[in-house]
Protein chains: 2
Amino acid sequence: MKKHNFSAGPCILPQEVFQKASEAVIEYNNEGLSLLEISHRSKSFVDIMEKARYLALELLGLEGKGYKALFLQGGASTQFLMVALNLLEKRAAYLNTGTWSDKAIKEAKIYDDILEVASSKDAGYNYIPKGFEIPSDHDYFHCTSNNTIYGTQMKSFPKSPIPVACDMSSDIFSRQLDFTQFDIIYAGAQKNIGPAGTTLVVVKEDVLGKVSRKIPSMMDYKVHISKSSMFNTPPVFSIYTSMLNLEWLKNLGGIKAIEEINEMKARVMYSEIDLNPLFKGYAAKEDRSNMNATFNLINEDLKETFETMLKEAGISGLSGHRSVGGYRASMYNAMPLDSVKALVEVMSELELKA
Amino acid sequence: MKKHNFSAGPCILPQEVFQKASEAVIEYNNEGLSLLEISHRSKSFVDIMEKARYLALELLGLEGKGYKALFLQGGASTQFLMVALNLLEKRAAYLNTGTWSDKAIKEAKIYDDILEVASSKDAGYNYIPKGFEIPSDHDYFHCTSNNTIYGTQMKSFPKSPIPVACDMSSDIFSRQLDFTQFDIIYAGAQKNIGPAGTTLVVVKEDVLGKVSRKIPSMMDYKVHISKSSMFNTPPVFSIYTSMLNLEWLKNLGGIKAIEEINEMKARVMYSEIDLNPLFKGYAAKEDRSNMNATFNLINEDLKETFETMLKEAGISGLSGHRSVGGYRASMYNAMPLDSVKALVEVMSELELKA
């Protein structure tokens, strides 16, 4: 039985993507070779890479606007470092909305001093700070658009007098935004892009080349851009599968179409959390994430019953992050509304039982 | 028709590995989930990671000898940087045997001065320099065991009074060596380990922690060791497939068994290159690689005929690297002897025709 997979990432992808990726591992494109054994310099793979890069920019509405898309390795954790190496000359401004923001700040501090413009750390990161100032004499402003662990999401972004770098690992391609307000967008693939193993980086070229340090080749956005994202052997399978997934999204109608579905899933989920007296939500209502709904059982005595019922309904991956506990329903792009309904049904049944 | 794939990497892997990897993309281990959508913190994936790490050490004979195996991202190109960041305090000694050595030197030079103990650059890297001294007052010695582009291979390694870091990207797991003579071994997966997208790093723990710089988390071997190679989301599919491939090698009889097969393939290949008057080898005979045989047509007029014959025989991936031209037959672990025989047959036929 196929499960309802609420895993926070790596996470569900569309079944047709799994199917095509699986077939390519046996033979790609009737070439008599597995996708895994073709040269990354072959026309076949260069076409895949170029299509993936194009689709990323097209879906974000950034094609032809001075941006380049790269498919790199090392996850968002490597981007914490690369953003600082490529942009940080004197001082940078960071918004601290969770563990991942905090880690980004820690890595950047190796290179220079960092200003935290605001933080919700003292409140267990259960809301998004607002009304802060971004100083115009800093090199760039960094923020995290969605906080997987706490289930918060930035619903709007502050006007910034300096370049903006945004970690969109857990909500890229899930909602319409004016993406031109960002200069660097990065995201580990393993939520809305594809399988783990590649990281999408979208860079506005004109923010580069302004720091005085010597940047190691693998850390240098300019090097990767000049080599069309093929400075060294790329993660072939992860990029191919990401390309399939971006194609799926485009065929569905792009970000506009998926946003409607994501909003519907979130409505169904949060209604249950709010109306069911056995549960309470973790995040401040106005900052609730459409990707990750975090909630707790009010009466912990029901834990075992609830989790047995979840298991019987084929629901998996619902445990909250080890740092906050409780439950987390991750509802990324590929999650069907029916899976959310299946979860909500179990929550209602528990109410009837209790 | 399945091709004879002589690609230099990404390259051929065993058919049974392709088969199992393909199945796991649909469903892993009867869990009702694709391998691509399971959490990397699940027992299922932690078991895969631990098995892959164990197999790597076991096959190299390094289990229980103070070494740790890591499956990271970013390729050997990122290791050029990480070796320097983790070991380079004052000065390091490098052997320059090809483009990849040269790049490793270039990246390390960002951090401090580098001594080139010897180089075959002026001879187009067609041999391995010998008889050089490794100074005892340097931090470490770095070398490249096999040079894919030129088809040369270090047949023995100099005694070193300082720690040794070795890039074994293109011949790891292909031959028996006393691996305890190395302190850091690294290798991009896409030759003898698995598909592109992960990098095996084997580190002797006692060489770490001796530099004074602050190392960024993702670049720090100690951080990755302390998190059991799971500091951040690992490249799940590439690691699983690498685990399958290392399992295949173990079942075959390990490095001892594959070394015999590799020597047989190399003998068949080099015999033809030497006996067929139409071809000449590129690399110095004593330094010839058992992984990559490089050769040229003496009479370029036969190029078109030869390449048509290759195509008809289903032989692919034989073009030499763009920097040296000619031909390169890569005969990694998974390459069957029959494929080498098929190539040799075409070369003999060409001799009869010409």
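**Exercise on a helix**

Find which residues are buried in helix H8 (residues 303–312) of chain A, and work out how they sit around the axis.

*Solution.* Start with the list: Phe306(A), Met309(A) and Leu310(A) are the buried ones in H8 of chain A. Helices here are DSSP runs (H or I, at least four residues), as are strands (E, at least two), numbered from the N terminus. Buried means under 20% relative accessible area, exposed means over 50%, and partly exposed is in between (1.4 Å probe, protein chains only).

A quick word on the setup: this is a predicted model, where local features need pLDDT of at least 70, side-chain atom pairs count only at pLDDT 80 or more, and totals for chains, interfaces and linings use all residues. Residues are numbered from 1 along each chain as its sequence is written, chains are lettered from A and ligands numbered from 1 in the order in which they are written, and side-chain values use heavy atoms, with hydrogens and water left out.

Next, the geometry. The three buried residues lie on the same side of H8(A), because they cover an arc of only 105° around the axis; that arc is taken over the directions from the helix axis to the C-beta atoms. As a reminder, an α-helix has 3.6 residues a turn, so residues three or four places apart point the same way.

Now flip the helix over: Glu304(A), Lys311(A) and Glu312(A) are exposed on the other side of H8(A). The cover over the buried residues includes strands E11 (279–281), E12 (292–297), E13 (315–316) and E14 (327–330), plus helix H9 (337–353), of chain A. Just after H8(A) comes Gly314(A), with a positive phi of about 75°.

**Exercise on backbone oddities**

Locate the cis peptide bonds before Pro10(A) and Pro10(B), then decide whether Asn30(B) and Phe173(B), with their positive phi values, are buried or exposed.

*Solution.* Prolines come up front. In chain A, the bond from Gly9(A) to Pro10(A) is cis, with omega near -5°, and Pro10(A) lies in the loop between strand E1 (4–5) and helix H1 (15–26). In chain B, Gly9(B) and Pro10(B) are joined by a cis bond with omega about 0°, and Pro10(B) sits in the loop between strand E1 (4–5) and helix H1 (15–26) of that chain.

On to phi. Asn30(B), not a glycine, has phi near 50° and lies in the loop between H1 and helix H2 (43–60) of chain B. With 74% relative accessibility, Asn30(B) is exposed. Phe173(B) has phi near 65° and belongs to the loop between strands E8 (164–167) and E9 (184–188) of chain B. At 0% relative accessible area, Phe173(B) is buried.

**Exercise on cavities**

How much space lies in the largest cavity, and which residues are closest to its centre?

*Solution.* First, the method: rolling a probe the size of a water molecule over the atoms shows where empty space is left. On a 1 Å grid over the protein atoms alone, a cavity is a set of points where a 1.4 Å probe fits but cannot get out, and lining residues have an atom within 4 Å of a point. Grid points are joined across faces, edges and corners, and a volume is the space filled by probe spheres set on the points.

The structure has six cavities of 30 Å³ or more, and the largest holds about 200 Å³. Its lining has 23 residues, and those closest to the centre are Gln73(A), Gly74(A), Met218(A), Gly74(B) and Thr78(B). Strand E2 (67–72) and helix H3 (75–87) of chain A, together with helix H3 (75–87) of chain B, each give two or more residues to that lining. By class, the lining has twelve nonpolar, eleven polar and no charged residues. Ala, Val, Leu, Ile, Met, Phe, Trp, Tyr, Cys and Pro count as nonpolar, Asp, Glu, Lys and Arg as charged, and the others, Gly among them, as polar.

The second largest cavity has a volume of about 80 Å³.

**Exercise on an annotated residue**

Where does Ser77(A) lie, and which residues does Ser77(A) touch?

*Solution.* UniProt (unreviewed entry) includes Ser77(A) in its "binding site" feature; such annotations may be inferred rather than shown by experiment, feature names are shortened, and positions follow the numbering used here. Ser77(A) lies in helix H3 of chain A and is buried at 9% relative accessible area. Leaving out residues up to four places away in sequence, Ser77(A) touches Trp100(A), Met218(B), Phe231(B) and Asn232(B), where contact means heavy atoms within 4.5 Å.

Definitions and conventions: On a 1 Å grid over the protein atoms alone, a cavity is a set of points where a 1.4 Å probe fits but cannot get out, and a pocket is an open set with protein on both sides within 12 Å along at least five of seven lines; lining residues have an atom within 4 Å of a point.
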